[in-house]
Amino acid sequence: MEEATAPLVVKPSNIKELAESPDLRFIPCNYVHKYSCYSNSSATNDIDDSDSIPIVDFSLLTSHDSHQRSTAIHHLAKACQDWGFFMVVNHGIPENLMKSVIDCTSEFFNLPEEEKHKFTGKHVLDPIRYGTSFNTCKENVFFWRDFLKVFVHPHFHSPTKPQPYRDIMLEYSEKLREVARKLLGGISESLGLEESYLDKDLELESGLQIFVGNYYPPCPQPELTMGMPPHSDHGLLTLLIHNQVGGLQVQHQGKWINVNALPNSLLVNTGDHLEIFSNGKYKSNVHRAVVNNKVTRISVVVAHGPSLDTIVRPASPLMEKENSPSAYYIPMKYKDYLEMQQSNQLNTKSCLERVKIPRS
């Protein structure tokens with residue numbers, strides 16, 4: 001017997017308003033996913049709790065002790081190759097700053113609708129963009145999520161409200177960018193390159209950094225919908241924090257793994273452009289967001305990518321070292337890839353598949 005759903009189709013303005021509707025017991029049918037996060041009919045829907053998610057100690061990576069640094073780089077390499085996902089501890093970002101980021105993001109989503117809609121964007125490259133689902137212009141079935149996307153580097157932007165948001169967003173973005181570049185330096189070394197090779201080759205000094213706030217309110221039928229579908233991220237590394245409410249799942253060896261974050265840790269996943277740069281050695285991670293019927297989940301995701309005008313291709317020294325003259329990915333300007341992915345529907349790694357060259 002199928003579960004009852006509301007017989008209406010709702011044109012979404014925002015999910016917060018819908019979730020707070022009086023007497024909402026069933027979700028609109030255009031939020032019901034055929035293959036939801038809990039559906040038994042999904043081919044790869046085994047769900048597991050795991051305490052084996054890799055952990056990278058950032059203090060070892062930045063240590064002056066060569067053995068400690070070497071150990072951290074080894075852990076990074078294994079995490080990137082086996083999982084495409086890891087937790088970073090001892091990163092040096094103050095816990096009270098991380099809490100302020102989450103609190104201000106919550107305050108933004110609790111602003112009156114007329115205030116939030118001042119930031120409704122039309123184009124994926126608009127520097128500030130408030131919206132719902134992922135891309136309502138292309139989707140027939142929507143996701144249980146509102147979002148705020150802000151470009152914070154190379155040029156800093158910020159909403160004007162809530163009042164403290166700008167300073168907190170700026171400080172957090174700057175500190176996180178330092179962590180991301182150190183991680184990428186270690187990853188560059190783990191590939192057998194100079195620490196600075198990736199940074200210089202992909203022009204990270206002017207690299208794109210996007211601050212994304214996600215709002216997932218309680219849902220009366222969480223088993224029928226999704227917060228975000230299975231997808232990989234554009235860019236190199238995505239660093240995430242949240243309000244201690246679970247909901248992130250990562251795909252590993254054919255199973256979905258519930259991510260139980262360590263306190264004050266950063267959750268990191270590898271992006272499509274790290275896969276391209278490494279010529280497929282480090283695969284981008286597929287992940288998704290599930291929702292619940294009890295409490296709002298808020299996450300803040302910060303994506304780190306190359307310069308918008310950088311043409312991303314496999315690093316030539318890697319192919320020379322591995323005696324593999326064939327690049328497995330078509331060179332493409334990062335800006336063009338970003339527009340392609342963000343202007344379509346999210347579907348696992350479908351955008352990356354478009355730039356792959358079949359291996360003979």
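Select Cys104 to begin: in this predicted model, this residue has a relative accessibility of 3% and counts as buried, because buried means under 20% relative accessible area. Next, select Cys29, which has a relative accessible area of 33% and is therefore partly exposed. A search for disulfides will return none, as the structure holds 0 of them.

Proceed to strand β8, residues 237-242. How many of its residues are buried? The count is 6 of 6, so that the strand is mostly covered. Display the side chains of β8 to see two sets: Leu237, Leu239 and Ile241 point one way, while Thr238, Leu240 and His242 point the other way. Both sets are buried.

Now add the strands that pair with β8. Strand β11, residues 266-270, runs antiparallel to β8 and is joined to it by 4 bridges. Within this pairing, select Leu237 and look across to Thr270 of β11, which stands opposite. Strand β13, residues 297-304, also runs antiparallel to β8, with 6 bridges between the two. Here, select Leu239 and then Val302, its bridge partner in β13.

The final stop is helix α10, residues 334-342. Which of its residues are buried? Select Tyr334, Tyr337, Leu338, Met340, Gln341 and Gln342 to show them. To view what covers these residues, add the surrounding elements. Among the strands that contribute are β4 (128-132), β5 (146-153), β14 (311-312) and β15 (332-333). The cover also includes the helices α8 (272-277) and α11 (350-354).

Methods. Residues are numbered from 1 along each chain as its sequence is written. This is a predicted model: local features need pLDDT of at least 70, side-chain atom pairs count only at pLDDT 80 or more; totals for chains, interfaces and linings use all residues. Side-chain values use heavy atoms; hydrogens and water are left out. Buried means under 20% relative accessible area, exposed over 50%, partly exposed in between (1.4 Å probe, protein chains only). Two strands pair if DSSP finds at least two bridges between them. A disulfide is a pair of cysteine sulfur atoms within 2.5 Å. Contact means heavy atoms within 4.5 Å.
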